[in-house]
Every structure is written in structure tokens, then in C-alpha cells.
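Let's take a walk through a protein model together. Keep the picture open and find each part as we come to it.

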Amino acid sequence: MAATARPVTPAAALTTSGAPTTKIHITVNGQLLSADVEPRTLLVYFLREVLGLTGTHVGCDTTNCGACTVHLDGRPVKSCTVLAVQANGRKVTTVEGLEVGGKLSPVQQAFYEEHGLQCGFCTPGMMMTATALLARNPNPSDAEVRDAIRGNLCRCTGYVNIVKAIKAAGKKMQETPPAGGGA
Amino acid sequence: MIPPQFEYYAPTSVDDAVALLSRFNGEAKVLAGGHSLLPLMKLRLAAPSVLVDINRIDGLSYIREEGGHLKIGATTRTNDLLDSALLHRSYPILTDAAQEIADPLVRNLGTVGGNVCHGDPGNDLPACMMALGAVYALAGPEGPRTVPASQFYKDTFVTAVEPTELLVEVRIPQAVTRQGSAYHKIEKRVGDFAMAGAAARVVLDDSGNVTAAGIGLTGVGATAIHAAKAAAALVGQPADDAHLLQAAKIAQEESEPMSDLRGPAEYKRAMAGVLTHRVLSRAVARAKGGA
């Protein structure tokens, strides 16, 4: 596994000089990577600062808002409350991993078409949670969608269109066979 | 926010985890789901010099009935409770509670072991475990031991687990026929810690009298509260509304709430009674075959 992993180097801002590091191997959006990280490095900062995957947002940084939601082995989690070392050997999917072959995933397309975003800050986390929901339940009710996004806050309060977008994506995915999409 | 520096270990067996905890006696904290510990570390309210991550230990995540017990492994995720048909059927108190814990994203990582071990009086599962008569199985340098949930909580964030011990399993007496159970809490915002919560289990005989009962309370004391007097008052009585109200009144007297940002003490005390009555009513309905 280590032999084929692409090594990445943590940014200076993320390392304390002389601090001990731990070698990790993580598959991010399908690509196996290796890095030496300080154990205290949070997954969201590893994704943003080391890998440059800034689609995952840091919102509240206190496990409340869900802007930092990514998939860890297919399950949506808040990456501000996961250590990068905890993701060692596991698969992480970020919002950048949703599109397939340069085409938006059904969830991304539906957020675009149904205007499921206003300022856009919560959108990456919303789409990760929506993608995981639809993988388990392709035809959710309004109540099931609203329950699933309980951990994702939209400060524009654009929930009506977010719910519409998620349901529309589910419908589209049932009409056409899935073309990937990160779940 | 970045947590303070620590040494990180990820043992792959319970024995190795216990050996590490012994080696760093008192300095190491167990990392399970991390959804209480990491926020505390980011806020500098906790600064352990060593973390022992138990997520790499195989065989600590399970829900099964075995040898007269329902057994739940320490790293079982909160959402695993919601995915269990067995729990929905026979232990609905646990799916009630899981549905009310934080939000679905937190529940994907937060663990049963962490929830019962953390010692925050706002955690929801301790009161459920008290109502169910659960015991906690601990591994330690002196070998395994068990502690009943009713004797586990000493003070806020202080439990019977020694710094060198690891909680490995929760054991609940297997559900019997005509058993019903329920949990409910009220919160200021959806997904917040409880302003007050109540957990109840009842067993009825075929004429509708209570043969066994357990009641636990969340968020109305320095720890979760085992309302033993309220439960004892029900045993041998008909499960009618007058007796449930009487038990709820006793549970209210057993609560020891403090005024804080989640509400004044008098309100929380009143709600301890109201919620105990609600969950007892629901448990009785379930024991009779209703939902």
C-alpha cells in the first residue's frame, strides 16, 4: 500500500518544528496518498491546507454546523472533529470527489437547478450529507430529508430549496442508473 | 482551533490498550468517537498528553443477545443503534435515545461506550442504562470487572472507571415478554443537550400489574440519576395512570437540578416529573403491545 501512495508534504503552517509526526495513508477521492502529520492535525485542515482541497469549509469549528462534512468510508462525518490519523487506512470523499468525469453528480446538478444554495457556504457539507442519504434512501420524504440534514446549518435559511434539490436528485437518480457520485 | 500536542497510540487489542493506559497512568485518555473529547481539547478544557485510540481494535462494535444479555460493544456507533431491528423491536428506549442524540453526522462517529463513560450529566444513554439495569464491563490491569450503571457515576465527569481501565461492553438483562421501555428529553434547540430527560422500563404481568421497573433521569443533577424509589413504588401496583403519576412525582423529588443556561432548577425539576410520566406511559403502552 505504501509503495503506491503519492507522498504529500504538510504545509509549514501545519507543522510545529521538532514535533513528532505519524505516517498516514489515506485514500482521498479515489487517490491513495501518504503523509507525515502531527497527530493533532484535524482532518479538515489536512484536506484544506495539505491537499489544497478547499471545497470542504471550516464553519463553526465546534461540531455544530456541518460545513466541514466529508465521507469517511462512505458515512458523512464532521471533519473538524476527526483527527487525520483517525482516517489512516480509510477512504475519504470530499465535495471535489462528487463529480464524475468532469460532470456534476446528480446532487450537484439538482442543487444548481433547484437553487439549493444562497451564499454557498454550507453547500459542500449539505451535498455530502445529501449524497449519503440518497445512497441509503433514494426516495426520502420531506421529513426524512429534514431529519438527515439536522446536522447541517444554513445561515441563509435556504432550507426549502435545499430540501427540494435533494428530493429532485433522488428522483433523477432513480430515473437514470447511478454514474458514481462519491457515496 | 487545533488541539494541544499529544502522543498518539492506536492499539489493535484490548490488552494492548490497557497496557498503554497503565504505562501512562493517569496521563492518557481513551479516544473513541472523539465527539466530546476533541471539542474539549480544541477549547483547551482538556489537554491529555497521550491519546489511546481504540477504533483500531477489532471486535468492539456489535449489538447482540447472548447468554441472557443484550451486549453492546464499546465502539458501537450511535447510528448503529438506529439501524438495529432488534433494538427497535425489543429495546426501543435505546432507539428513542439515539434518535435524540446530537445529529446524524455526530451519531456516525459518537460511540455507546463514550456516551456512557464520559460522565456528562447531559449524556442520554446513562439514564437509559440505569432504567434497563445495565452493567458495564471494564478491562484493566487487574483483569476484568463489572460495575452496575446505577453505581457508576460519582460526580460530573467522574465515574468508576480507573485511568488504567477501558470500558469494553455494556450488558443489559435480556428483554422479557410484556416489557416496555421509552426515553424522551426536552432541549432548547434540536440536537442540544437535555434540559431534562427521562428513561423508563416496565415489565407487566398478564393482569397488567408491574412486576419490575427502572427509571433514570438526564440533566437534572451532577450525574445521571437512578430514580430507584420511584421505580420501587411501581412494583406490585397496577400500571394505571394514577400509579404512573405517583411514581413520576417521586422521581421529581429524586431529581437534584441546578439552575444554568439550560433552565432554572424549578423548571427542570417539574420537567423531570412530566417526562417521567410520559415515558412511563409510553413504556406501559409498549409492554401491552402498542408503539
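Before we start, bear in mind that this is a predicted model. Our first stop is a pair of helices in chain A. Helix H2 of chain A covers residues 106-113, and helix H3 of chain A covers residues 123-136. Two packed helices are described by the angle between their axes and the distance between the axes. The crossing of H2(A) and H3(A) is right-handed. Their axes come within 9 Å and cross at roughly 125 degrees. That angle makes H2(A) oblique to H3(A), because it falls outside the 65 to 115 range for roughly perpendicular and is not over 145, where roughly antiparallel begins.

Who actually meets whom here? From H2(A) come A:Val107, A:Gln108 and A:Phe111, and on the H3(A) side they meet A:Thr123, A:Met127, A:Ala130, A:Thr131 and A:Leu134. Sort the residues of this contact by kind and you get five nonpolar, three polar and no charged. Here's a handy bit of background: an α-helix has 3.6 residues a turn, so residues three or four places apart point the same way. Keep that in mind as you look along the two helices.

Now stay with H2(A) a bit longer. Which of its residues are buried? They are A:Pro106, A:Val107, A:Gln108, A:Ala110 and A:Phe111. What covers these buried residues includes H3 and H5 of chain A. Just after H2(A), look for A:His115, which takes a positive phi of about 55 degrees.

We've just mentioned H5, so let's hop over to it. Helix H5 of chain A runs over residues 159-175, and A:Lys167 has its place in it. Is A:Lys167 buried or exposed? It counts as buried, because it has 20 C-beta neighbours inside 10 Å, and 20 is the number where buried begins. If we leave aside its neighbours within four places in sequence, A:Lys167 is in contact with A:Pro140 and A:Val145. For a sense of scale, try finding A:Gly30 as well: A:Lys167 and A:Gly30 are 137 residues apart in sequence and 27 Å apart in space, going from C-alpha to C-alpha.

Time to cross over to chain B. How do the two chains touch? In all, 20 residues of chain B are in contact with 22 residues of chain A. On the chain B side, helix H2 (37-42) and helix H6 (104-107) each supply at least two of the touching residues. The largest share, three residues, comes from H6(B). By kind, the side of chain B that touches chain A divides into twelve nonpolar, six polar and two charged residues.

Step back and take in chain B as a whole. It has eleven helices and 14 strands. Its radius of gyration is 19 Å, close to the 19 Å that the globule rule gives for 291 residues, so chain B is as compact as a globular protein of that length. Along its principal axes, the C-alpha trace of chain B spans about 60 × 45 × 35 Å. Buried residues make up 53% of chain B. And of the contacts in chain B with a separation of 6 or more, 65% are between residues 24 or more positions apart.

Our last stop is helix H8 of chain B, residues 125-132. Eight of its eight residues are buried, so H8(B) is largely enclosed by the rest of the structure. Among them are B:Leu125, B:Cys128 and B:Met129. Following H8(B) comes B:Gly133, with a positive phi near 70 degrees.

Notes
Residues are numbered from 1 along each chain as its sequence is written. Chains are lettered from A and ligands numbered from 1 in the order in which they are written. This is a predicted model: local features need pLDDT of at least 70, side-chain atom pairs count only at pLDDT 80 or more; totals for chains, interfaces and linings use all residues. Helices (H or I, at least four residues) and strands (E, at least two) are DSSP runs, numbered from the N terminus. A residue is buried if 20 or more other C-beta atoms lie within 10 Å of its own, exposed if 12 or fewer, and partly exposed in between; C-beta atoms are placed from the backbone. Two residues are in contact if their C-beta atoms, placed from the backbone, lie within 7 Å. Axes are lines fitted to C-alpha atoms, for helices over the stretch in contact, and angles run from 0 to 180 degrees between N-to-C directions. Angles under 35 degrees count as roughly parallel, over 145 as roughly antiparallel, 65 to 115 as roughly perpendicular and the rest as oblique. A crossing is left-handed if the near helix is turned anticlockwise from the far one by less than a right angle, and right-handed if clockwise. Ala, Val, Leu, Ile, Met, Phe, Trp, Tyr, Cys and Pro count as nonpolar, Asp, Glu, Lys and Arg as charged, and the others, Gly among them, as polar. The radius of gyration is taken over C-alpha atoms; the globule rule is 2.2 Å times the number of residues to the power 0.38.
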